[in-house]
Amino acid sequence: MRHSRSYPNVIRRWYRPVEHECLECHRTLREAVAVSRRTVITLAGVIKLNHAGYRCPDPQCVGHRRTYRSVEADALALPHFTYGLDIVLLVGRLRLREHQTVDEIHQELLTRLEPLGVKIARREILYLFEAYCTLLRASSEAKDDQQWLAQVKKNGGIIVSVDGIQPEKGNETVYLVRDALTGRVLAAENVTSSETAVMKALLAPVVALEVERKVKVLGTITDAQESELKAVEDLWPKVPHQVCQFHALRDASKSAFEADKQVKTAMRKRLQPKLRAVRKQIKKRLSTASPDEAKQLAVLDDYASGVLTALNTDGLQPFKYATVEESSMLDEIEASLQQLLKKGGQ
Ligand SMILES: [Zn+2]
């Protein structure tokens, strides 16, 4: 089963905005446009995403021209980038914190992406590092971006989304502040503390937009972290606030996810050696097999490789548990084998 281009494992995902109703007239939003359909390569997998934009159904409503987007989809990758934001952040960290050379970073990424069947070119590392630097400069650029400001005017304001992304090592977190309506990054900062004061400082460029460019804050979206909640509440007490369901779920599913990982590893450790032995045997038999027998052996080998693929399934927070996926894949294989047995018996 090969989906998008030549990547062996592609995860399909659908995204819609967290908002359900129009901020102006409170009618239920409807799916209106495809914001993007693209493939994004992240460290956790190759994702084929369908990102749907929603609008107020009432053409008379002042908010009718506003398109609501998904903050999660926008957080996966920067606009026009195939490599995910997690990879951009990793490149930034390896370069600036660990002082690795471009070649060393290239090597590390090749290793990390190999299980996904993805290769990355050396020059890509330079682009990604540039993207990282641009990202951290974002706050100084938004207020002079006339094209974006025109879009904001059309939308009647911005919806501020705060998202903390933690790299796998270290105690720093990269915070991204974005306008959820246009997807534009308004501020990005690498911080080691998540106190309310730090959060407020992070949001200062947004306050500047309000004061200097008369940009109206229509709403705020944060994850459930208290300091984030407190900061947006202090800064915009009258503005509607929403906790991003995705982040709340991701946090809530953490422990279940860890347990799932352990079961998955145990399953693989037990079954992988047996499968390897079976495949070795098949290979050996093939050398002396008749053409008919060879065909049968090839079918068996396909099954064995199917089981191996199932055992290497990765989960994805918050909804995709590896062992659930694995067992449904293994069930399918078993059903297919039973079918084969019936046919063979006839
Ligand atoms: Zn409306």
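In the predicted model described here, D74 is found in helix α1. With a relative accessible area of 13%, D74 is buried, since residues under 20% are counted in that class. When residues up to four places away in sequence are not counted, D74 touches H51, R69, R178, A180 and G183. One of these residues, H51, also appears among the contacts of S36, which, leaving aside its neighbours within four places in sequence, is in contact with L49, N50 and H51. S36 itself lies in strand β2, which covers residues 30-42, and because its relative accessibility is 19%, S36 counts as buried.

The nonpolar interior can be considered next. The largest nonpolar core of the model has 30 residues, and those with the most contacts inside it are I41, Y83, I87, L109, L113, V118 and L135. At least two residues of this core are supplied by each of the helices α2 (85-96), α3 (102-113) and α4 (122-136), and likewise by each of the strands β5 (173-179) and β6 (185-191). It is α2 that provides the largest share of this core, namely seven residues. The surroundings of L109 may serve as an illustration: not counting residues up to four places away in sequence, L109 touches L43, I87, L90, V91, I120 and I125. Another core, of 23 residues, lies apart from the largest one, and among its members are A142, L149, V177 and A231.

L149, a member of this other core, belongs also to the buried residues of helix α6 (residues 146-155), which are W148, L149, V152 and N155. Around the helix axis these residues cover an arc of only 115°, and they therefore lie on the same side of α6. Q146, Q147 and K153, by contrast, are exposed on the other side of α6. Just after this helix, G156 takes a positive phi of about 85°.

A comparable description can be given for helix α8 (residues 204-213), in which the buried residues are P205, V206 and L209. The arc that they cover around the axis is only 105°, so that they are placed on the same side of α8. This helix is followed by K214, whose phi is positive and near 55°.

Positive phi values also occur in two histidines of the model. H26, although it is not a glycine, has a positive phi of about 65°, and this residue is found in the loop between β1 (10-15) and β2. For H80, a residue other than glycine, phi is likewise positive, with a value near 70°. The place of H80 is in the loop between α1 (71-76) and α2, and its relative accessible area of 81% means that H80 is exposed, given that the class begins over 50%.

At the surface, finally, V299, L337 and L340 make a nonpolar patch of about 210 Å². Of these residues, L340 is found in helix α13, which covers residues 322-345. Because its relative accessibility is 36%, L340 counts as partly exposed, a class that lies between the limits of 20% for buried and 50% for exposed residues.

Methods:
Residues are numbered from 1 along each chain as its sequence is written. This is a predicted model: local features need pLDDT of at least 70, side-chain atom pairs count only at pLDDT 80 or more; totals for chains, interfaces and linings use all residues. Side-chain values use heavy atoms; hydrogens and water are left out. Patches are made of residues with over 30% relative accessible area and no salt bridge: like charges are joined within 9 Å, nonpolar side chains (Val, Leu, Ile, Met, Phe, Trp, Tyr) within 5 Å. Accessible areas come from the Shrake-Rupley method with a 1.4 Å probe; for residues, only the protein chains shown count as cover. A salt bridge is a side-chain nitrogen of Lys or Arg within 4 Å of a carboxyl oxygen of Asp or Glu. Helices (H or I, at least four residues) and strands (E, at least two) are DSSP runs, numbered from the N terminus. Buried means under 20% relative accessible area, exposed over 50%, partly exposed in between (1.4 Å probe, protein chains only). A nonpolar core is a set of buried Ala, Val, Leu, Ile, Met, Phe, Trp, Tyr and Cys residues joined through side-chain atoms within 4.5 Å. Contact means heavy atoms within 4.5 Å. The arc is that of the directions from the helix axis to the C-beta atoms.
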